[in-house]
Amino acid sequence: MHLMQVDSVQRWMEDLKLMTDCECMCILQSKPISIEKDEQNELILSSQYSTCDSLQLLLKRAWIISTELTRIAQKLEKNRWQRVHSMTVRVNCHVRSMINEYNTFTRSSSEEMHQLEKLLVDKCSEFTAFTERCLQTEEEEILKSMKSCVSETLTTIAQYFGQLIELVLTQEAQSLLRQIELSGSPYVAESAVSSLFSLAQEGAHLCRIIAKEGGVVTLFKICRQDCFRCLYPQTLRTLASICCVEEGMYQLEKVDGILCLADILTDTSHSEATHAEAAAVIAQITSPHLTFTQHLSSFLENMEEIVTALVKLCQEASSGEVFLLASAALANITFFDTMACEILLQLNAVKILLAACSDKRIVDTPYSRDQVVTILANMSVLDQCASEIIQGNGVQLLMEMLFEKSCSGNPAEVAACERVQQKSAVTLARLSRDPEVADAAVKLSCIPRLIKLCRSPTERNNSDSVLVACLAALRRLAVMSPDGLEDSDFQQLVKPRLVDSFLLCTNMEESFV
């Protein structure tokens, strides 16, 4: 879950309330302060929480319990019985609190849910009593025999807990999808779609649950009704999240989702925001990192329409975010079919992309430049691409991309800069088979920059992939213009086998004197 990525102090502050509740529960043993049920519920969870907030609270509590169970197993392995018992008491309290909190805001638990809750609570109570007996036992042999029983009980608790959380999340997904299905009003549906999006942000497992419960089918129904047009951007954003898993892709194929996306992209009456979110879904389902490709057959049938619409979106983008989404979709499409590159050539996409790069308001981050150079790299396998690059002053842009550096030092941005450097070098290497491109690259001093990237690890952020791409580009340019290299550069970077030059460059140590 993304909770792991939050600053540790911030996590502690957020968990403080939960830990305070836990201490209260240790004293009260889950007994209500008030006799009245309604008053008890108010004490457990404030009425200010919405369903979405309550679900977040539940997920945080579940994360704490999961972490505690892991720590108990670690302490048990080291025979630290005092710690095992105290942590067991804490887990017992957290489990009871979690169940009480959930029952407060759901009001409609199933019989299966109640049975699982009872099994879990009973097993936790049994576990607490058992570890207390272990504390009172001093004989090593008896403790040794009890340890295996404790371990088995811990495993059972973990299984019950996992089943309960799975059931809770499934019921929540079902409830939200039912609200969307039954809503005749955009205002009612909007809240449910928003909650569903929040649920999908919790990770791939939640996306699988939503997809299995028919989430993709339900959301595409929204996208096919004109009365819900105002919800299209939000609905498409949720679809993009869910379609990161195979179950989501299967559902998308089942409802002709790609055809629906093509219709949205080509319909000029839709807002730019709607087109941008549709492009985001396309970018997600065409990601080269996905191992499942059963949806691609129907994609190929609609590819020309989709590519045409995406190029238009790049050309007319009013912001960097819109351009990033449209160009990311195009970049992914160029990976799995060369026909896409041919369509892009026919649409003058090179000219459009190069023009966008000169507008710092549109192409304003390394992430956007990464998408552009990816498209250029994949298109550069076509012979006709070279003349387009020359006409659009593309060699100059590729040269500038060799200097890509992160300003913030953010790891994601640094990685994007490395990809920009690598792909610009790859594109230069491929295009330099054309003498005109090679000549332009030499005149723009690409060779000295490539040498610098090879010899200076800090210039390429110690990236091996950038080094290999630069060596390949340098060797291609050296063939076309051998006079551009000094003898030492030729002897070390061009003449040896590529692997030998690579090893030489990776072993270089810079002098800081």
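**Group meeting: a walk through an all-helix model**

Okay, let's start with one residue: Asn 393 counts as exposed, with a relative accessibility of 51%. The cut-off for exposed is over 50%, so Asn 393 makes it into that class at 51%. Keep in mind throughout that this is a predicted model.

Where is Asn 393? The loop between helix H20, residues 385-391, and helix H21, residues 394-401, is where you'll find it. And the backbone there is a bit unusual to look at: Asn 393 isn't a glycine, yet its phi is positive, about 60°.

There's another asparagine to put beside that. Asn 79 also has a positive phi of about 60°, again without being a glycine. Asn 79 sits in the loop between helix H3, 51-77, and H4. Buried, exposed or partly exposed, which one is Asn 79? Partly exposed, because its relative accessibility comes to 43%.

Let me zoom out for a second. What does the secondary structure of the protein chain come to? It's 27 helices and zero strands. The protein chain has 513 residues, and 50% of them are buried. Take the contacts in the protein chain with a separation of 6 or more: 74% of those are between residues 24 or more positions apart. As for surface, the protein chain exposes about 24,700 Å², with carbon and sulfur atoms supplying 52% of that.

Right, into helix H4. That helix covers residues 81-106, and Val 84 is in it. Val 84 has a relative accessible area of 0%, so it's buried. What does Val 84 touch, if we skip residues up to four places away in sequence? The answer is Ile 72, Lys 75, Leu 76 and Thr 131. Then there's a pairing with Cys 134: 50 residues away from Val 84 in sequence, but 9.7 Å in space, going C-alpha to C-alpha.

Further along H4 we get to Val 95. At 2% relative accessible area, Val 95 is buried. Setting aside neighbours within four places in sequence, Val 95 contacts Ile 65, Leu 120, Val 121 and Cys 124. From Val 95 to Arg 61 is 34 residues along the chain, and their C-alpha atoms are 8.3 Å apart.

Next, a helix pair. In general, you describe two packed helices by the angle between their axes and the distance between those axes. For H16, residues 320-336, and H17, residues 338-346, the axes come within 5 Å and the crossing angle is roughly 130°. That's why we call H16 and H17 oblique to each other. Who's meeting whom? On the H16 side you have Leu 330, Ile 333 and Thr 334, and on the H17 side Ala 340, Cys 341 and Leu 344. Sorted by class, that H16–H17 contact has five nonpolar residues, one polar and no charged ones.

Last stop is the C-terminal part of the numbering, helix H27, residues 498-506. The buried residues there are Ser 501, Phe 502 and Cys 505. Why do we say they line one face of H27? Because, looking down the axis of H27, the buried residues fall within an arc of 105°. And what's covering them? The cover includes helices H24 (446-455), H25 (464-480) and H26 (487-494).

Two of those covering helices give us a couple more residues to click on. Ser 456 is in the loop between H24 and H25. Although it's in a loop, Ser 456 is buried, at 5% relative accessibility. Ser 456 and Thr 506 are 50 residues apart in sequence, with 9.2 Å between their C-alpha atoms.

Then in H25 itself there's Ala 472. Ala 472 is partly exposed, with a relative accessible area of 33%. From Ala 472 to Leu 428 you go 44 residues along the chain, and C-alpha to C-alpha they're separated by 9.3 Å.

So, that's the tour: loops, H4, the H16–H17 crossing, and H27 with its cover. Happy to pull any of these up on the screen.

Terms used
Residues numbered from 1 in each chain as written. Predicted model: local features only at pLDDT ≥ 70, side-chain atom pairs only at ≥ 80, totals over all residues. Heavy atoms only, no water. Axes fitted to C-alpha atoms, helices over the stretch in contact; angles between N-to-C directions. Helix = DSSP H or I, 4+ residues; strand = E, 2+ residues; numbered from the N terminus. Parallel < 35°, antiparallel > 145°, perpendicular 65-115°, else oblique. Contact = heavy atoms within 4.5 Å. Nonpolar A, V, L, I, M, F, W, Y, C, P; charged D, E, K, R; others polar. Buried < 20%, exposed > 50% of the residue type's maximum accessible area, 1.4 Å probe, protein only. Areas by Shrake-Rupley, 256 points an atom, 1.4 Å probe, with all protein chains shown as cover. Arc of directions from axis to C-beta.
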